[in-house]
Amino acid sequence: MSERPNTDQKEITSPNRDTTRLIAEAAARQVVIEHISLCPFAGSKVEQRLRDLETSVARLIGFMLGSGLLGGAAGAAVAKLLK
């Protein structure tokens, strides 16, 4: 008895890349929306926390620049006194 190939089976193909990307983006967007609506730490507090973080980073950069300027000025003054 010889085996014949099954011609009833259809060929399996993968979806094109754009379709896959759109599905993944939609799923990710939905997960983020649900997380924001359900998480007690997210939600409406996100904007305020982002503003606080931006302020903290700006303050830190300001402190670094200020300490650099003051340190440089102090170093220059000491160098001038020792000269």
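## Worked exercises on a two-helix chain

I61 is partly exposed, at 42% relative accessible area (buried is under 20%, exposed over 50%, partly exposed in between; 1.4 Å probe, protein chains only). This is a predicted model in which local features need pLDDT of at least 70 and side-chain atom pairs pLDDT 80 or more, while totals for chains, interfaces and linings use all residues. Residues are numbered from 1 along each chain as its sequence is written, and side-chain values use heavy atoms, leaving out hydrogens and water.

**Exercise 1.** Find the helix that holds I61 and the surface patch it belongs to.

*Solution.* Step one: I61 lies in helix α2, residues 45-82 (helices are DSSP runs of H or I, at least four residues, numbered from the N terminus). Step two: I61 joins L50, L53, V57, L60, M64 and L65 in a nonpolar surface patch (residues with over 30% relative accessible area and no salt bridge, nonpolar side chains joined within 5 Å). Together they have about 680 Å² of accessible area (Shrake-Rupley method, 1.4 Å probe; for residues, only the protein chains shown count as cover).

**Exercise 2.** Locate the salt bridge in the structure (a side-chain nitrogen of Lys or Arg within 4 Å of a carboxyl oxygen of Asp or Glu).

*Solution.* Step one: searching the whole structure gives 1 salt bridge. Step two: its partners are E25 and R21, at 3.2 Å from N to O. Step three: both sit in helix α1 (residues 17-38), 4 residues apart, about one turn of the helix. Step four: check the exposure; E25 is partly exposed at 33%, and R21 is partly exposed at 42%.

**Exercise 3.** Compare the span of α1 with its expected value.

*Solution.* Step one: at 1.5 Å a residue, the 22 residues should span 32 Å (1.5 Å times one less than the number of residues). Step two: the end C-alpha atoms are 31 Å apart, which agrees.

Methods:
Patch = residues over 30% accessible without salt bridge, like charges linked within 9 Å, V, L, I, M, F, W, Y side chains within 5 Å.
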